[in-house]
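Here are some exercises to work through with the model open beside you. Try each task before reading its solution.

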Amino acid sequence: MQDAPTHSAELLEGAKHRHLVTYPHFLWRLFVLATEGGVAYYVWMVVLTAVALVGANAWANQAADGMIVTGMTDHVSWGLYIANFTFIVGLAAGGVMMVIPAYLYHQRKMHDVVIVGELLAIAAIVMCLLFVTVDLGRPERFWHMMPGLGRFNWPISMLTWDVIVLNGYLLINLHICGYLLYTRFQGRTPNPRFYLPIVFLSVFWAISIHTVTAFLYSGLGGRPFWNSALLAPRFLASAFVAGPAFIIVTMYLLRRLTDLPISTQAIKTLVQVVRVTILINLLMVVSELFTEFYTGGSHIASARYLFFGLHGKSGLVPWIWTAIALNVVAAVMFLHPRVMDHSHLIKLACLFAFVGVWIEKGMGLIVPGFIPSTLHEIVEYAPTLVEWKITAGIWAFGILIFTAMLKAAIPILKGRVAEVHLPITTMNPPTDSAEVTAEPNG
Amino acid sequence: MSDTQTKSVSLPVLGQVTRRTAMKGLGATLGLGAFAAAISPLARKAKDISAEELLQKHYKDLDGDARAKVIARLEQDAKDQYGKNVTIHDPLPIPGTKFGYAINLSVCNGNGKCVEACHEENNHDRGSNQSYIRVLEMERGSMDMEKGNTTYTHAVPAEDKFYLPVQCQQCDEPPCVDVCPVEATWKESDGIVVVDYNWCIGCRYCEAACPYHARRFNWKAPNVPAEDINPEQGYLSNRVRPQGVMEKCHFCLHRTREGRMPACLEACPTGARIFGNLLDPDSEIRWVLKNKNVFVLKEELGTVPSFFYFFD
Ligand code: SF4
Ligand code: SF4
């Protein structure tokens with residue numbers, strides 16, 4: 001630990017056995033830190049809250065009136081929600097790309113920023129769970145899915161696997177972040193035994209969440225567009241583009257807005273990751289398209305609909321070509337030999353790659369799976385305003401918790417907020433004064 | 001800065017902290033209020049869902065008494081909601097029975113009477129003209145569904161066309177059952193794949209998995225005028241479905257388990273449809289399987305349908 005908070009030895013001693021007092025205190029401090037900030041911070045959070053509330057309202061109306069308010073039909077029975085779900089699973093998995101250089105290749109400089117990826121994973125999984133929930137026709141029956149209470153069709157249904165791996169990933173990342181922050185809060189050095197094995201597990205687990213999500217689709221024999229062995233690897237490649245792209249931009253923002261030490265080396269490492277993954281992703285897209293279009297046959301119908309339109313229906317054509325263009329341009333930008341000299345170029349490339357993958361792994365993947373339908377009818381899908389509102393609301397909520405978590409984590413990482421010794425007998429609720437505060441606004 | 005120093009700062013700052021806290025309290029109150037307002041439409045739905053309905057167990061976990069109670073409640077609901085007296089039966093599979101269906105494509109002329117009969121028998125939403133059956137108009141000389149069309153309106157049969165009715169194939173290896181995360185859909189011992197409308201969570205994974213476009217989702221609560229409601233209903237079949245759940249063809253089990261024929265077969269004016277017990281060597285369907293060149297749709301997917309097609 002490089003910048004451990006300066007604490008007297010007694011404090012450290014006393015901290016060990018008082019988790020019952022310290023841990024709630026820690027949680028309370030996190031909450032206080034997350035709700036305290038300058039005007040800009042409040043404005044940002046209020047805007048996000050407002051959008052999230054618009055989404056909550058739209059969802060409440062959808063739950064009351066039925067899914068009829070969406071653009072989905074019996075022909076295209078999954079739409080914008082599941083498209084976003086699929087993409088965000090990738091974002092959650094992509095967050096782990098920080099962990100690999102930090103712990104597997106022992107890049108010390110990554111250690112301070114690795115938490116950014118883990119917090120992103122937490123926020124992203126929460127969004128995933130929300131996207132699945134808003135897609136349910138009977139959300140109040142979610143308990144039917146709870147093992148023990150309901151009937152959990154495990155191991156046959158891939159969806160139950162997804163429930164397990166997603167929640168597992170959430171717990172894993174909560175544990176890692178919680179443990180690292182809590183020990184810093186206590187002024188202790190984290191014991192590698194309690195988190196390193198879990199960190200390695202999280203790398204494996206990140207791959208599993210995206211693989212299982214791909215299997216949800218690729219296991220359906222009746223949907224040739226998805227029924228491809230390349231789907232899971234393609235998912236992973238694009239996840240390892242979108243995740244790091246998001247984190248790179250986040251790191252630039254954090255560098256500007258906070259005092260978290262973000263080394264250029266850390267950014268460079270991630271840029272290098274994207275340089276490779278973006279090419280692998282494009283290569284896989286090309287391989288898949290080659291098989292589809294060169295072979296022809298009836299399997300090609302969905303791909304043709306997606307890229308060129310079918311029988312005069314071409315709703316997704318502009319989307320997918322935008323995505324391809326964004327991906328290719330981003331790849332060229334990332335591959336520019338002196339990209340690291342131009343931070344604006346990197347940010348723009350990240351944005352392009354992120355949006356490109358969002359389309360390609362979202363609407364560009366889910367919707368054509370249903371068009372044409374299994375009886376070869378062509379019914380198009382376009383999301384309604386309600387779907388856009390709910391989607392925006394979940395994104396806003398996800399960004400809100402990501403912001404709040406970073407807001408609380410950084411002062412603790414920096415050792416600015418730490419626990420001080422409270423005698424075990426004083427069970428007083430923690431107060432604002434019971435902390436070491438170096439700067440008033442964190 | 002040490003702890004004592006923080007504490008020793010004089011009143012104005014404490015005052016500021018208090019004001020800040022007060023502002024936060026206000027913010028939190030406003031936020032919660034706004035949240036409550038935002039989700040208030042849920043109250044509209046909540047009043048339609050009773051505690052018994054919410055906590056109802058899976059069909060298979062309801063013993064005789066509990067099931068009778070549930071059925072009584074559902075009958076009452078139908079009366080309250082649709083203003084109709086209905087009777088809901090729960091006929092069980094008959095041992096030694098496995099239902100099969102076959103369609104003579106040389107005879108079917110695409111008149112769509114089966115589609116209509118299904119619509120009426122099964123209390124489908126009137127507005128969307130829903131049915132479990134789709135009849136594809138196909139090019140002669142091709143089994144390529146891509147060249148089919150379900151939305152024809154001209155006089156039938158059209159020149160150089162044949163007609164392919166498709167409904168649930170009651171697969172022996174049903175992908176729809178495999179994917180359901182909560183076992184809300186399963187295959188009964190007589191071969192019929194059913195849905196427990198009171199257990200389905202509405203994820204629509206089964207709809208994505210079915211290769212025959214055989215499943216229908218209740219995007220809203222079906223709208224059927226009281227006088228149009230078919231009051232002879234089955235728990236696992238044609239009772240009026242709730243909003244937000246999956247449904248599908250169930251071979252009219254409320255009829256067929258009592259020795260009658262499916263509504264689509266009775267309505268078919270050409271006699272193209274043959275239904276019966278596959279385990280009974282003397283049944284008509286067995287005769288068809290033995291004497292005609294039958295085939296199933298999308299055999300390569302390994303779904304093993306109990307639904308057969310043949311040409312004379
Ligand atoms: S046809 Fe579709 S709904 Fe019917 S059993 Fe087969 S997969 Fe299931
Ligand atoms: S929609 Fe209902 S029946 Fe179909 S998979 Fe989901 S829970 Fe099961």
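**Exercise 1: Two cis peptide bonds**

Pro155(A) sits in the loop that links helix H6 (114-134) with helix H7 (158-186) of chain A; helices (H or I, at least four residues) and strands (E, at least two) are DSSP runs, numbered from the N terminus. Before going on, note that this is a predicted model, in which local features need pLDDT of at least 70 and side-chain atom pairs count only at pLDDT 80 or more, while totals for chains, interfaces and linings use all residues. Residues are numbered from 1 along each chain as its sequence is written, chains are lettered from A and ligands numbered from 1 in the order in which they are written, and side-chain values use heavy atoms, with hydrogens and water left out.

Task: find which residue is joined to Pro155(A) by a cis peptide bond, then find the loop that holds Pro157(B).

Solution. Step 1: the partner of Pro155(A) is Trp154(A), with omega about 5°. Step 2: in chain B, a cis bond joins Val156(B) and Pro157(B), where omega is about -10°. Step 3: Pro157(B) belongs to the loop between strand E3 (134-139) and strand E4 (161-166) of chain B. Most peptide bonds are trans.

**Exercise 2: An open sheet in chain B**

Task: work out which strands stand at the edges of the sheet, and which helix packs on it.

Solution. Step 1: write down the strand order, which is E10-E2-E12-E11 (chain B), an open sheet of 4 strands with mixed pairing; two strands pair if DSSP finds at least two bridges between them. Step 2: E10 (273-277) and E11 (294-295) of chain B are the edge strands, each with a single partner, so one side of each lacks a neighbour in the sheet. Step 3: 2 bridges connect E11(B) to the antiparallel strand E12 (residues 307-310) of chain B, and Val294(B) is opposite Phe310(B) in E12(B). Step 4: helix H11 (residues 284-291) of chain B packs on the sheet and touches E2 (99-104), E10, E11 and E12 of chain B. Contact means heavy atoms within 4.5 Å.

**Exercise 3: The chain interface**

Task: describe how chain B meets chain A, from residue counts to one salt bridge.

Solution. Step 1: 65 residues of chain B contact 63 residues of chain A. Step 2: about 5,500 Å² is buried between the two chains, with carbon and sulfur atoms giving 55%; buried area is the accessible area (1.4 Å probe) that two parts lose on being put together, summed over both. Step 3: on the chain B side, Ile201(B), Tyr205(B) and Trp219(B) lose the most area to chain A, together 14% of what that side buries. Step 4: the chains share 7 salt bridges, each a side-chain nitrogen of Lys or Arg within 4 Å of a carboxyl oxygen of Asp or Glu. Step 5: Arg151(A) forms a salt bridge with Asp61(B), with the closest N and O atoms 3.1 Å apart.

**Exercise 4: Around ligand 1**

Task: how many residues surround ligand 1, and which are the closest?

Solution. Step 1: there are 14, counting a residue if one of its heavy atoms lies within 4 Å. Step 2: the closest are Cys168(B), Gln169(B), Cys171(B), Cys176(B) and Cys210(B).

Methods. Axes fitted to C-alpha atoms, helices over the stretch in contact; angles between N-to-C directions.
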